[in-house]
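Ready to practise reading a protein structure step by step? Have the model open beside you, try each task yourself, and then compare with the worked solution.

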Amino acid sequence: MSQIDIAPTVLGLLNFSYRSRFFGYDIMKLPAGDERAFPSTYQNLGYLKGDRLTILSPGQKVEQVKPNVLTGDATPYPQLDQTQLDQAIASYQVAYDEFDTGRMRWRPSDATPVQPLPAPASSTAPAAAPVPVN
């Protein structure tokens with residue numbers, strides 16, 4: 001999980017219906033195997049999937065490491081996983097393009113009300129008796 005997943009996850013836990021352009025996911029509803037995170041610093045962009053962290057740095061420098069979350073150490077992978085590298089680059093490029101071209105801005109259609117989510121089965125009240133129509 002990364003910071004971009006917090007808002008969609010909290011809104012999901014609150015059972016809210018909403019319209020957004022979030023890049024993050026509700027991690028409680030994310031299928032197993034789709035987990036990923038985007039750790040970064042002021043210069044390095046990270047893409048963590050499984051046990052491999054892809055680091056994109058200035059000057060087109062690329063590194064993939066296996067992080068140890070207990071010690072903070074990282075062991076470099078001898079070979080790049082090209083699929084994961086492509087996914088890392090694509091994730092950041094799409095985010096940049098969406099922001100840079102203004103497609104992340106609010107639009108009048110965003111004000112259209114969103115229908116509430118159905119109540120969870122365990123908390124639904126008994127159905128009211130039908131009202132006769134004359």
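**Exercise 1: A charged network**

At 34% relative accessibility, Arg103 counts as partly exposed. The model is a predicted one, in which local features need pLDDT of at least 70, side-chain atom pairs count only at pLDDT 80 or more, and totals for chains, interfaces and linings use all residues. Residues are numbered from 1 along each chain as its sequence is written, and side-chain values use heavy atoms, with hydrogens and water left out.

Task: Which residues are linked with Arg103 in a network of salt bridges?

Solution:
- Step 1. Start with the rule: a salt bridge is a side-chain nitrogen of Lys or Arg within 4 Å of a carboxyl oxygen of Asp or Glu.
- Step 2. Try Asp97: its side chain meets that of Arg103 in a salt bridge, at 2.4 Å from N to O.
- Step 3. Now try Glu98: its salt bridge with Arg103 has the closest N and O atoms 3.0 Å apart.
- Step 4. Put them together: Asp97, Glu98 and Arg103 form a linked network.
- Step 5. Check the surroundings. Asp97 is partly exposed at 32% relative accessibility, and Glu98 is partly exposed at 21%. The cut-offs are under 20% relative accessible area for buried, over 50% for exposed, and partly exposed in between, with a 1.4 Å probe and protein chains only.

**Exercise 2: A bridge between strand and loop**

Task: Where along the chain do the salt-bridge partners Asp51 and Lys66 lie?

Solution:
- Step 1. Find the contact: the two side chains, of Asp51 and Lys66, meet in a salt bridge of 3.6 Å, N to O.
- Step 2. Place both ends. Asp51 is in the loop between β1 (45-49) and β2 (52-57), while Lys66 is in strand β3 (residues 61-67), so named because helices (H or I, at least four residues) and strands (E, at least two) are DSSP runs numbered from the N terminus.
- Step 3. Note the separation: this pair links distant parts of the chain, 15 residues apart.
- Step 4. Compare with the total: the structure holds 5 salt bridges.

**Exercise 3: Aromatic rings**

Task: How many aromatic pairs are there?

Solution:
- Step 1. Take the rule: rings of Phe, Tyr and Trp (its six-membered ring) pair if their centres lie within 6.5 Å, and planes under 30 degrees apart count as stacked, over 60 as edge-to-face and the rest as tilted.
- Step 2. Count: the result is 2 aromatic pairs.
- Step 3. Look at Phe38 and Tyr47: with ring centres 5.5 Å apart and planes at 55°, this pair is tilted.
- Step 4. Turn to Phe38 and Tyr92: the centres are 5.6 Å apart and the planes at 90°, so this pair is edge-to-face. Phe38 sits in the loop between α1 (6-13) and β1, and Tyr92 in helix α2, 54 residues apart.
- Step 5. Join them up: ring pairs link Phe38, Tyr47 and Tyr92 into a cluster. Tyr47 is buried, with a relative accessible area of 6%.

**Exercise 4: Positive phi**

Task: Is Gln60, a residue with positive phi, buried or exposed?

Solution:
- Step 1. Recall the background: most residues other than glycine have a negative phi.
- Step 2. Read the angle: phi of Gln60 is near 60°.
- Step 3. Locate Gln60: the loop between β2 and β3 holds this residue.
- Step 4. Read the accessibility: at 78% relative accessible area, Gln60 is exposed.
- Step 5. Set Asn15 beside it: Asn15 also has a positive phi, of about 60°, but is partly exposed at 32%.
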